[in-house]
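User: I would like to go through some of the labels attached to this model and hear what each one rests on. Please set the value against the cut-off each time.

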Amino acid sequence: MMRILLAAIWFPVCVPKHFYKAMKKIGCAVSTAGPTFGRYVPWMGGTIMPEGTAVRPDFVYPFNETPTYQEIVDRLGGFDMVLSFDEGSVPGDVPPSVLNVAYDCDNHVRDWPDAGRFDRFFGAHSWANNSGKENFYWLPCSYDPEESYDLGLERRVDVGMVGCIYEHRMEAIKTLLVKNVTVLGGWGFVGEEWNRLYNLCRCALVLSHSHDLSDRLLANMAQGCVVLADRGIKDAEKLGLK
């Protein structure tokens, strides 16, 4: 049984939780470490998520500062692999005998200057930061079929956009409203409520940050929505999407 440490900054809506769930399902022994911020999500404009959406206290061994690998081992035991998700959570001094891996789901908007030091560096976008390094591997976004699925509800709303309302998304929403299209918009929803809201919509508005292929696009498909996305999404054809 492979022993894995997931090191991350633990927000209510973070990719590492999906990795944790998936790796446990295939029989890995998974421990987690890193700072946790309860229901606070700073990159969503300081949004405080609803009750019940915080990462459970027993889910993460919390660190307020980046620890050394040995400090974590002294508390949690040894590992075969360390998988880090954020620069601020990477434990220092991982020994050569332990596979040291990183996954950057946001390599379209940020750069890890020391990405080359990892045994493997996975990025969600094949064309973005660090994609030219020898240790880079493309691992595109996906979605959780237990969280995004069709509930069979009556779809009373024309278009849904539940998430960060970037400026270009707001402009699109305003244009739709002028055309008398009904729009369900907003942020601060996760899990079952997020899925339920999209199940009320006929179409889902994606409009990614950098013409990137996001997990939202795939999740909205699984929820039974017709996806309205920006043109020229990079990596889409590589996954067989047109």
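User: Why is Cys105 called buried?
Analyst: The model is predicted, and the values are computed from it. Cys105 has a relative accessible area of 18%. Buried means under 20%, so Cys105 is buried.

User: How many disulfides does the structure hold?
Analyst: Zero. Cys105 is in no disulfide, and the nearest cysteine sulfur, that of Cys141, is 6.3 Å away. The cut-off for a disulfide is 2.5 Å between the sulfur atoms.

User: Why is Cys203 not bonded to Cys225?
Analyst: The sulfur of Cys225 is the closest cysteine sulfur to that of Cys203, but at 7.6 Å the two are too far apart for a bond. A disulfide needs the pair within 2.5 Å. As for exposure, Cys203 has 19% relative accessibility and therefore counts as buried, given the limit of under 20%.

User: What makes the pair Arg110 and Asp104 a salt bridge?
Analyst: The closest N and O atoms of Arg110 and Asp104 are 2.8 Å apart. A salt bridge requires a Lys or Arg side-chain nitrogen within 4 Å of a carboxyl oxygen of Asp or Glu, so the pair qualifies. At 2.8 Å the two side chains also make a polar contact, for which the limit is 3.5 Å.

User: Why do the two partners get separate exposure labels, Asp104 buried and Arg110 partly exposed?
Analyst: Asp104 has 0% relative accessibility and so counts as buried. Arg110 is at 22%, so its label is partly exposed. Asp104 is placed in strand 6, residues 99-104. Leaving aside residues up to four places away in sequence, Asp104 touches Arg110, Trp112, Phe121, Phe122, Gly123 and Ala124. A polar atom of the Asp104 side chain also lies 3.4 Å from the backbone nitrogen of Asn107.

User: What makes the link between Asp80 and Arg3 a salt bridge, and where do the two residues lie?
Analyst: Their side chains meet at 3.1 Å, N to O, and the cut-off is 4 Å. The pair links distant parts of the chain: Arg3 is in strand 1 and Asp80 in the loop between helix 2 and strand 5, 77 residues apart. Asp80 has 29% relative accessibility and Arg3 has 38%. Partly exposed runs between under 20% and over 50%, so both get that label.

User: How do you know that Glu171 and Lys174 pair, and how are they placed in helix 3?
Analyst: The closest N and O atoms of Glu171 and Lys174 are 3.9 Å apart, and the limit is within 4 Å, so the pair counts as a salt bridge. Both lie in helix 3, three residues apart, about one turn of the helix. An α-helix has 3.6 residues a turn, so residues three or four places apart point the same way.

User: Why is Asn180 called exposed, and what sets its phi apart?
Analyst: Asn180 has a relative accessible area of 71%, and exposed means over 50%, so the label follows. Asn180 sits in the loop between helix 3 and strand 10. Its phi is positive, about 65 degrees, although Asn180 is not a glycine. Most residues other than glycine have a negative phi.

User: Is Asp235, which also has a positive phi, buried or exposed?
Analyst: Buried: Asp235 is at 8% relative accessibility. Its phi is about 80 degrees.

Technical notes
Residues numbered from 1 in each chain as written. Predicted model: local features only at pLDDT ≥ 70, side-chain atom pairs only at ≥ 80, totals over all residues. Heavy atoms only, no water. Buried < 20%, exposed > 50% of the residue type's maximum accessible area, 1.4 Å probe, protein only. Helix = DSSP H or I, 4+ residues; strand = E, 2+ residues; numbered from the N terminus. Polar contact = N/O pair within 3.5 Å; in protein donor to acceptor, adjacent residues only side chain to side chain. Contact = heavy atoms within 4.5 Å.
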